[in-house]
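Got your viewer open? Keep the selection box handy, and let's take a walk through this model together.

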Amino acid sequence: KQWYQRRVAITAGEAGSTWGEFASPVLQPDMASISSGGVLSESHKSSYDPEKGWCVFVYNLPPTATNETLYQLFSKFGAINSVKPVVDKNEKCKGYGFVHMVNYEDACRSIQSLEGTPMQGKPLQVRFKNAKK
């Protein structure tokens with residue numbers, strides 16, 4: 001039994017990585033809820049992509065982490081647009097990955113809840129993705 005629906009089959013992404021995209025009840029990220037309340041931190045704006053949502057960076061993932069691992073960790077906090085554990089040529093996770101969440105509030109809640117959570121002996125480090133320099 002599958003516990004999620006795939007919107008798009010897992011496809012080869014950049015060299016050494018794969019993307020998993022999942023069905024989401026919301027088609028577009030909800031900018032209205034954050035613009036009206038003024039709760040969006042200036043430092044988080046670079047984490048937003050209008051097509052993908054809010055990008056959350058996760059570090060200290062185990063080598064066995066998969067798309068499903070990230071989906072299970074984050075799905076309880078809200079709608080997910082995509083997950084991407086970065087993997088090596090042997091399909092082992094390099095220890096980090098990305099999750100695109102539809103709503104800002106859900107992304108914030110996931111970061112607050114998962115930061116420091118032990119996973120196979122290491123504390124997860126979870127934060128909004130920084131802008132490329």
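Here is a tour, stop by stop, of what to select and what you will find there.

**Stop 1: colour by confidence**

Before zooming in, remember that this is a predicted model. Colour the chain by pLDDT: the mean is 77, and 65% of the residues reach 70 or more. Now select residues 1–19, where the pLDDT is below 50. In the model this stretch has 42 contacts beyond near neighbours in sequence. Residues 21–39 also stay under 50, and there the model has 39 contacts beyond four places in sequence. Go easy on these parts: where pLDDT is low, the predicted coordinates should not be read in detail.

**Stop 2: the aromatic rings**

Next, show the side chains of the aromatic residues. How many aromatic pairs does a search of the whole structure find? The count is 8. When you look at any of them, keep two things in mind: a pair of rings is described by the distance of the centres and the angle of the planes.

Start with W54 and F128. Their rings sit edge-to-face, 6.2 Å centre to centre, with 75° between the planes. This pair links distant parts of the chain: W54 belongs to strand β4 (residues 53–59) and F128 to strand β9 (residues 125–128), 74 residues apart. Are these two buried or exposed? Both W54 and F128 are buried.

Now hop over to Y96 and F98. They also make an edge-to-face pair, at 6.2 Å centre to centre and with 90° between the planes. Y96 has 27% relative accessibility, so it counts as partly exposed, while F98 is at 17% and counts as buried.

Finally, add Y48 and Y104 to your W54 and F128 selection. Together, Y48, W54, Y104 and F128 form one aromatic cluster.

**Stop 3: helix α3 and its salt bridge**

Y104 leads you straight into helix α3, which covers residues 104–114. Light up its buried residues: Y104, D106, A107, C108, S110, I111 and L114.

Now select R109 and D106. How many salt bridges does the count come to? Just 1, and you are looking at it: R109 pairs with D106, with the closest N and O atoms 2.7 Å apart. Both residues lie in α3, 3 residues apart, which is about one turn of the helix. An α-helix has 3.6 residues a turn, so residues three or four places apart point the same way. The partners differ in their surroundings: R109 is partly exposed, with a relative accessible area of 38%, but D106 is at 11% and counts as buried.

Step past the end of α3 to G116, which follows the helix and has a positive phi near 85°.

**Stop 4: helix α2**

Select residues 67–74 to see helix α2. Why can we call this helix largely enclosed by the rest of the structure? Because 6 of its 8 residues are buried. Those are N67, T69, L70, Y71, L73 and F74.

**Stop 5: M101**

From F74, jump to M101, since F74 is among the residues that M101 touches. M101 lies in strand β6 (residues 93–101), and it is buried, with a relative accessible area of 0%. Leaving out residues up to four places away in sequence, its contacts include K52, G53, W54, F77, I80, D106, A107 and S110. You have already met W54 in the aromatic cluster and D106 in the salt bridge. Try the distance tool on the C-alpha atoms of M101 and G53: they are 5.4 Å apart, though the residues are 48 places from each other along the chain.

**Stop 6: two loop residues**

Now for some backbone angles. E91 is not a glycine, yet its phi is positive, about 65°. You will find E91 in the loop between β5 (80–87) and β6, exposed, with a relative accessible area of 53%.

Q120 is another non-glycine residue with a positive phi, near 50°. Where is Q120? Look in the loop between β7 (118–119) and β8 (122–123). Q120 is exposed too, with a relative accessible area of 60%.

**Last stop: the cysteines**

Select C55 and C108. C55 is buried, with a relative accessible area of 4%. C108 is at 19%, and it is buried as well. If you go hunting for disulfides, the structure holds 0.

Note on methods:
Residues numbered from 1 in each chain as written. Predicted model: local features only at pLDDT ≥ 70, side-chain atom pairs only at ≥ 80, totals over all residues. Heavy atoms only, no water. Phe/Tyr/Trp six-rings, centres within 6.5 Å; stacked < 30°, edge-to-face > 60°. Helix = DSSP H or I, 4+ residues; strand = E, 2+ residues; numbered from the N terminus. Buried < 20%, exposed > 50% of the residue type's maximum accessible area, 1.4 Å probe, protein only. Salt bridge = Lys/Arg side-chain N within 4 Å of Asp/Glu carboxyl O. Contact = heavy atoms within 4.5 Å. pLDDT = per-residue confidence, 0-100. Disulfide = S-S within 2.5 Å.
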